[in-house]
Amino acid sequence: MKSAIIERLTRYVTINTQSDPYSETTPSTLQQWDLLRLLEEELKAMGLETDMDEYGYLFATLPSNIDKDVPTIGFLAHVDTSPDFNAANVKPQVIEQYDGGVIQLGDSGREIDPAVFPDMQKVKGHTLMTTDGTSLLGADDKAGIVEIMEAMHYFTTHPDVPHGRIRVAFTPDEEIGRGPHRFDVERFDADFAYTMDGSQLGELQYESFNAAEAVVTFEGVNVHPGSAKHKMVNALNLATYFNQLLPAEEVPEHTEGYEGFYHLMHLEGNVEKATAQYIIRDHDRELFEKRKQQMIHIQREINARYHYQPINIVIKDQYHNMVEKILPHPHIIDLAKAVFADLEITPNTEPIRGGTDGSQLSYMGLPTPNIFTGCDNFHGPYEYASIDVMTLATQVIIGIAQKATETELEQ
Ligand SMILES: [Zn+2]
């Protein structure tokens with residue numbers, strides 16, 4: 001299986017599928033169609049039935065080969081890669097039997113140094129794929145695609161191995177936060193699903209942040225500084241004052257685990273007008289709502305001191321913690337954990353300090369935890385994939401489909 005995975009991953013990562021946050025279309029870039037169409041062909045060649053819509057949501061079905069009534073399980077991965085770093089001309093390099101030392105990335109002068117990336121010790125002895133240092137690898141999430149494709153290949157070439165109805169989805173624009181936007185849960189028609197979009201071996205994620213974005217605008221009054229007393233309102237000073245009233249320790253650089261934060265991402269302006277862009281994150285829904293209230297409270301307090309309303313806030317929820325939608329169906333997690341146990345993989349269910357497509361899909365009616373893919377150092381030149389861990393992730397997909405036929409599962 002390892003050489004098939006290397007061959008397939010090489011084929012997919014060399015197709016540039018970078019998404020574009022400034023595009024209004026879905027998919028955001030035409031180049032994502034290149035991989036979607038290739039996958040559609042390959043799924044058909046394996047004998048799966050495919051259905052792709054005008055937005056680039058490619059679905060496929062592996063029909064059940066048993067008489068028993070078992071749930072339909074979905075497996076999802078995204079075709080796009082991050083807009084944060086060059087994604088053109090990806091030149092993968094394969095390292096056999098990684099010795100745990102420094103990896104030179106081609107002639108780029110860049111290297112993966114275990115002193116900087118201590119987690120490299122966990123993949124010592126593995127076969128790795130990296131870039132030549134000039135681009136990202138895009139194993140996020142092409143590793144997930146490879147694992148799903150290899151699992152489907154396994155089932156179509158081992159018709160004696162029992163499985164229920166399997167649905168596959170390859171989707172665009174995850175990296176720009178629009179993965180589930182046009183995902184038709186009804187058309188997908190699965191009882192539950194897993195995104196193959198995690199990182200290190202053992203990750204099984206079903207707790208994400210609650211997430212919102214806040215855009216705060218500050219309206220100033222510009223007067224000549226020489227005669228400004230009691231007249232000028234400096235929008236920049238208002239903005240920095242507003243920010244100071246937020247709890248100084250509750251920022252990404254001082255938080256971890258279940259601790260939430262306010263993150264000032266962008267600040268610009270002049271005396272007349274300033275704009276501050278924040279993201280708000282918390283695993284706990286109540287604390288999340290309180291954070292939003294806190295910002296509004298500060299806004300009102302400051303505004304009350306002026307004869308006009310200098311501060312305006314627009315807060316938009318982005319996604320919610322999927323745990324609320326997954327815990328009522330514990331068998332989805334138990335099934336994955338049972339397969340992990342068979343493969344002697346220790347599950348790591350630490351909460352994600354972020355979101356996945358599953359965070360939104362779970363609220364759209366498709367409970368969708370996230371499983372490891374075996375790649376790490378995403379979105380930049382130091383990205384790598386462990387072919388050994390990818391092999392295990394493929395076995396997890398096969399195992400989940402197979403195990404679901406053994407036990408009576410509530411739907
Ligand atoms: Zn991803």
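Is Asp-197 buried or exposed? Select it and see: at 12% relative accessibility, Asp-197 counts as buried, because the cut-off for buried is under 20%. Keep in mind that this is a predicted model.

**Zoom out**

Show the whole protein chain. Colour by secondary structure to find 10 helices and 17 strands. The C-alpha atoms fill a box of roughly 85 × 55 × 40 Å along the principal axes. The radius of gyration is 24 Å, which agrees with the value near 22 Å for a compact globule of 411 residues. Buried residues make up 54% of the chain. Among contacts with a separation of 6 or more, 79% join residues 24 or more positions apart.

**The zinc ion**

Now select the zinc ion. Its protein donors are His-78 through NE2, Asp-140 through OD, and Asp-197 through two OD entries, at 1.9 to 2.7 Å. Angles among the four donor atoms run from 52 to 151 degrees, and the site is irregular. Along the chain, the donors follow the spacing H-x61-D-x56-D. Next, highlight His-78 in strand β3 (residues 73-78) and Asp-197 in the loop between β9 (192-196) and β10 (204-205). This pair links distant parts of the chain, 119 residues apart. His-78 has 2% relative accessibility, so it counts as buried.

**Glu-175**

Move on to Glu-175, in the loop between β8 (166-171) and α4 (185-188). Glu-175 is buried but has no salt bridge. Draw a distance to Lys-142, the nearest side chain of opposite charge: 9.7 Å. Finally, show the contacts of Glu-175 beyond four places in sequence; they include the zinc donors His-78 and Asp-140. Also among them are Ser-19, Asp-80, Thr-81 and His-379.

Conventions: Residues are numbered from 1 along each chain as its sequence is written. This is a predicted model: local features need pLDDT of at least 70, side-chain atom pairs count only at pLDDT 80 or more; totals for chains, interfaces and linings use all residues. Side-chain values use heavy atoms; hydrogens and water are left out. Helices (H or I, at least four residues) and strands (E, at least two) are DSSP runs, numbered from the N terminus. Buried means under 20% relative accessible area, exposed over 50%, partly exposed in between (1.4 Å probe, protein chains only). Lys and Arg count as positive and Asp and Glu as negative; His and the chain ends are not counted. A salt bridge is a side-chain nitrogen of Lys or Arg within 4 Å of a carboxyl oxygen of Asp or Glu. Contact means heavy atoms within 4.5 Å. Donors are N, O and S atoms within 2.8 Å of the metal (3.2 Å for Na, K and Ca); water is not among the atoms, so sites may look incomplete. Four donors count as tetrahedral if all angles lie between 85 and 135 degrees; four count as square planar and six as octahedral if opposite donors are over 155 degrees apart and all others between 65 and 115; anything else is irregular. The radius of gyration is taken over C-alpha atoms; the globule rule is 2.2 Å times the number of residues to the power 0.38.
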